[in-house]
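Here are some exercises to work through with the model open beside you. Try each task yourself, then check the steps below it.

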Amino acid sequence: MDAVLWDMDGTLIDSEPLWEIATYEMSESLGRRLSPKLRALTVGGTFRNTADICAEHAGVTLTEADYGRLQRTMFDRMAELLVQARVNPGIHQLLADVSEAGIPMAVVTNTPRELAEPAISAIGAGFFSAVVCGDDVSDGKPDPLIYRTAAAVLKVPTSRCLVFEDSTTGMTAAYRAGCKVVAAPGSAETRPPGTQIMTPPTFVGVTAVKLRHWFEAMEELPK
């Protein structure tokens, strides 16, 4: 294991309930509130994917101007909401332990940089050697490009990266990139083959040594 890559929303910070508020509000602005099942399909995805799901549910067709307007409204709303986000239990201690072990880390998130950077500063920007955001790449998760980009920035093969993700979208991106994937506490039940499940489902008490054990166990799985 040569690097640890972290999803942000729902993994490092408890922000998915806040994205849920903003997503429901956007769907209502288009004329029809999303069902919980449809809302679940937006978790971890790009803004455009979320907007398309909302628009299809409402039976409307979006123009490029509509996408721009809706994105600005949602991002402004999220800037208000994210001040409420809390770092997930055990994260600070685990980040400190991995950092002390000399293992480079990066944040890899579909969230745009304007929203991600304040949240990462609150977590502790000094823990991370790189931050790759959704607006840094042409295709966000579930495309593997964002994870391949992060690995390239750290100068580490994706096969030597351990990834923490909570959404099916994010886990799929990491798996397709060739990374080893750990399902974060509270993660989606649909996961790629070989995903490590955290037992018990908490970051509390997890150490860099434990991460290495998980990585080595996944290395031994049949290819």
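**Exercise 1: two helices**

At what angle do helix α1 (residues 16-29) and helix α4 (residues 64-81) pack, and how many Å apart are their axes?

Before we start, a word on the ground rules: this is a predicted model, where local features need pLDDT of at least 70, side-chain atom pairs count only at pLDDT 80 or more, and totals for chains, interfaces and linings use all residues. Residues are numbered from 1 along each chain as its sequence is written, and side-chain values use heavy atoms, with hydrogens and water left out.

Step 1. Find the helices. Helices (H or I, at least four residues) and strands (E, at least two) are DSSP runs, numbered from the N terminus.

Step 2. Read off the geometry. The angle between α1 and α4 is about 145°, and their axes are 10 Å apart. Axes here are lines fitted to C-alpha atoms, for helices over the stretch in contact, and angles run from 0 to 180 degrees between N-to-C directions.

Step 3. Look at who meets whom. From α1 come Leu 18, Trp 19, Ile 21, Ala 22, Thr 23, Glu 25, Met 26 and Ser 29; from α4 come Leu 70, Met 74, Arg 77, Met 78 and Leu 81. Contact means heavy atoms within 4.5 Å.

Step 4. Sort them by class. This contact of α1 with α4 has 9 nonpolar, 2 polar and 2 charged residues. For the sorting, Ala, Val, Leu, Ile, Met, Phe, Trp, Tyr, Cys and Pro count as nonpolar, Asp, Glu, Lys and Arg as charged, and the others, Gly among them, as polar.

**Exercise 2: domains and cores**

Work out where the largest nonpolar core lies relative to the two domains.

Step 1. Split the chain. Domain 1 takes 3-14 + 86-217, and domain 2 takes 16-83; such bounds come from an automatic or database domain assignment. The C-alpha centres of the two domains lie 24 Å apart, and their contact takes 15 residues from domain 1 and 13 residues from domain 2.

Step 2. Find the core. A nonpolar core is a set of buried Ala, Val, Leu, Ile, Met, Phe, Trp, Tyr and Cys residues joined through side-chain atoms within 4.5 Å. Buried means under 20% relative accessible area, exposed over 50%, and partly exposed in between (1.4 Å probe, protein chains only). The largest nonpolar core has 53 residues, and those with the most contacts inside it include Trp 6, Met 78 and Phe 164. Its largest share, 6 residues, comes from α4.

Step 3. Place it. Both domain 1 and domain 2 give residues to this core, so it lies between them.

Step 4. Zoom in on Trp 6. Not counting residues up to four places away in sequence, Trp 6 touches a list of residues including Leu 12, Phe 128, Phe 164 and Phe 203.

**Exercise 3: buried or exposed?**

Decide whether Trp 214, Thr 172 and Lys 155 are buried or exposed.

Step 1. Take Trp 214, which lies in helix α9. Its relative accessible area is 8%, so Trp 214 is buried. Leaving aside neighbours within four places in sequence, Trp 214 is in contact with Phe 164, Val 182, Gln 196, Met 198 and Val 206.

Step 2. Move to Thr 172 in helix α8 (residues 168-177). At 18% relative accessible area, Thr 172 is buried. Leaving aside its neighbours within four places in sequence, Thr 172 is in contact with Pro 142 and Pro 192.

Step 3. Try Lys 155, in the loop between α7 and β4. Lys 155 has a relative accessible area of 74%, so it is exposed.

**Exercise 4: backbone oddities**

Which peptide bonds, leading to Pro 142 and Pro 200, are cis?

Step 1. Recall the usual pattern. Most residues other than glycine have a negative phi, and most peptide bonds are trans.

Step 2. Check the prolines. The bond from Lys 141 to Pro 142 is cis, with omega near 15°; Pro 142 sits in the loop between β3 (130-133) and α7. The bond from Thr 199 to Pro 200 is cis as well, with omega near 0°, and Pro 200 is in the loop between β6 (196-197) and α9 (208-219).

Step 3. Check phi at Lys 155. Phi is near 60° there, a positive value in a residue other than glycine.
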